[in-house]
Amino acid sequence: MKRILSLLLVLTMIFTLTACSGKNTADDVKNQDVKANEPVEIKMQIVWAEDSGRGMAIREILDEFEKENPGIKVKLLGGSQEEQKLLTMILSGEAPEVIQVPYRYVQALGGQGAFVDLTKDFSKNKDNFYEQLWNLAEVDGKLYGYPWMGHTIQLVYNKTLFEKAGLTKAPETWEELYEYAKKLTIDKDGDGKIDQYGIGLVGKQHHDITWLFNMFAHQAGAKLVKEENGEYKVAINSPEGKKALEYYIKLIRECAPPDTANKAGGDVMADFRNQVTAMEFQGPWGITDIWKNGKPFEVSAAPVPAGPAGRAADIGPYMLTVPVGVEGKKLEASKKLIEFLGSKKGQEMLMKGEKADDGNYYPFRVPIRKDMEDTDYFKKHPEFLVFIEGLKYPSISTPIKEWVKVEEEVYRSQLNKAVIGEVSVEEALKNIEKLGNEILKNQ
């Protein structure tokens with residue numbers, strides 16, 4: 001009921017805005033009465049600072065767009081927006097014409113009328129993207145976001161250590177992952193102590209443990225939530241969830257560094273970089289981190305190994321949206337910009353990346369069109385393709401908005417307690433179900 005009331009309130013605000021802004025919109029259009037030869041200026045907001053390395057990298061892409069479209073100028077704005085603040089900005093009529101948002105914002109706000117329906121203009125491009133990704137850009141069959149850039153989490157491995165161990169390919173299943181991780185967990189100097197571990201995992205009570213474990217849960221066929229009689233219920237306390245958590249803890253106890261319970265994603269990257277571990281689960285930055293640090297070994301990436309239910313990879317696609325209220329020439333200019341950023345040329349330009357302290361450029365995200373394989377960059381660096389292909393098997397870590405509170409207040413702590421052995425796997429899952437359902441009921 002609270003969700004329905006909240007939705008009605010937001011819809012009322014939107015309708016009120018639309019009604020109240022009718023005169024303003026007309027005035028705006030009148031004021032915008034752009035002279036024939038005067039460029040149309042639109043604003044585009046990204047989630048990073050405009051003067052950051054990523055902001056400057058995106059500015060270069062916008063410069064190329066302006067060269068091809070001399071009648072359009074794009075002002076780049078930086079700074080992420082929380083969901084509620086973004087909605088408030090849209091309702092106030094002060095939002096930029098094009099906004100980069102996480103896909104979950106499209107799902108949360110698109111159905112509430114916050115964004116322009118782009119279906120008519122861009123549905124022709126649907127085949128350029130994986131269906132699973134395109135579905136995340138739609139709400140009730142209408143396209144409210146356009147896929148732009150992102151990442152998936154995949155298996156990043158030390159190819160040099162693999163070769164030393166006689167391993168010629170990456171593991172493809174849970175069974176192989178365990179077998180490889182055991183083989184790569186070794187006492188290198190013969191002093192009776194393990195000094196190289198097969199895999200780095202997150203054990204700390206931190207957001208990173210949730211998305212990482214969720215991949216295993218989905219690979220086992222588990223669900224985080226389910227809907228019963230119109231209400232959401234925690235669903236992770238299942239045979240599939242138990243199998244996933246038991247497997248995750250088995251990897252930690254037998255094949256990961258002994259201080260894993262205190263490690264988040266950044267710590268796991270450091271262990272991999274220092275060759276304490278031979279495998280990790282990271283985005284494309286898992287590869288560039290090794291490049292930035294002098295390439296001490298050969299690094300590569302492969303699809304996450306398949307569990308009993310198949311593969312599942314955490315995803316982080318960003319979408320381009322146009323807020324309601326954008327009209328006329330600015331709307332047409334915004335659509336041209338989105339078309340360019342989603343083109344093969346615009347997508348490949350993302351791989352130039354951002355400038356690092358050493359003066360070189362490194363990719364920070366990947367394009368998310370599925371037909372990038374024949375471009376020059378990906379011919380030279382095919383190891384990055386897997387981070388695009390992972391969009392075919394997404395592991396969704398926030399299935400409903402209400403899950404965020406369950407994750408923050410219950411899920412993280414119970415997973416950590418299971419890792420350190422403070423509670424059993426069965427107790428952890430039972431606690432998540434019980435306490436999580438109380439949170440869902442009261443939202």
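This report describes the sheets, helix packing and nonpolar cores of a predicted model.

An open sheet of 6 strands, with mixed pairing, follows the order 2-1-3-13-6-16. Strand 2 (72-77) and strand 16 (366-367) stand at its edges with a single partner strand each, so one side of each is left without a neighbour in the sheet. Strand 1 (residues 40-45) and strand 3 (residues 98-102) run parallel and are joined by 2 bridges, and Gln45 stands opposite Ile99 in strand 3. Helix 2 (residues 53-68) packs on this sheet, where it touches strand 1, strand 2 and strand 6 (146-150), and its direction makes about 170 degrees with that of strand 2. Helix 4 (residues 103-110) also packs on the sheet, touching strand 3 and strand 13 (318-321), with a direction at about 105 degrees to that of strand 3.

Strand 7 (residues 154-158) is mostly covered, since 5 of its 5 residues are buried. Its pairings with strand 10 and strand 11 are set out below, each with one pair of opposing residues.

| Partner of strand 7 | Sense | Bridges | Opposing residues |
|---|---|---|---|
| Strand 10 (residues 279-282) | antiparallel | 4 bridges | Tyr157 and Met279 |
| Strand 11 (residues 299-302) | antiparallel | 4 bridges | Asn158 and Val299 |

The largest nonpolar core has 79 residues, and those with the most contacts inside it are Met44, Leu86, Trp148, Leu337, Leu341 and Phe384. Helix 13 (residues 328-341) supplies the largest share of this core, with 6 residues. Apart from this core lies another, of 60 residues, which includes Ile236, Tyr247, Ala418 and Ile439.

What is Trp148 in contact with, once its neighbours within four places in sequence are left aside? The contacts of Trp148 are Met44, Ile46, Ile58, Gln100, Tyr318, Leu320, Leu341, Gln347, Leu350, Pro367 and Ile368.

The axes of helix 17 (residues 403-420) and helix 18 (residues 425-441) come within 9 Å and cross at roughly 170 degrees. Because angles over 145 degrees count as roughly antiparallel, helix 17 and helix 18 are therefore roughly antiparallel to each other. Helix 17 contributes Lys405, Val406, Glu409, Val410, Tyr411, Gln414 and Ala418 to the contact, while helix 18 contributes Glu427, Ala428, Asn431, Ile432, Leu435, Gly436, Ile439 and Leu440. By class, this contact has 9 nonpolar, 3 polar and 3 charged residues. Two of the contact residues, Ala418 of helix 17 and Ile439 of helix 18, are also among the residues of the 60-residue core.

Terms used: Residues numbered from 1 in each chain as written. Predicted model: local features only at pLDDT ≥ 70, side-chain atom pairs only at ≥ 80, totals over all residues. Heavy atoms only, no water. Axes fitted to C-alpha atoms, helices over the stretch in contact; angles between N-to-C directions. Parallel < 35°, antiparallel > 145°, perpendicular 65-115°, else oblique. Contact = heavy atoms within 4.5 Å. Nonpolar A, V, L, I, M, F, W, Y, C, P; charged D, E, K, R; others polar. Buried < 20%, exposed > 50% of the residue type's maximum accessible area, 1.4 Å probe, protein only. Pairing = 2+ DSSP bridges. Core = buried A, V, L, I, M, F, W, Y, C linked by side-chain atoms within 4.5 Å.
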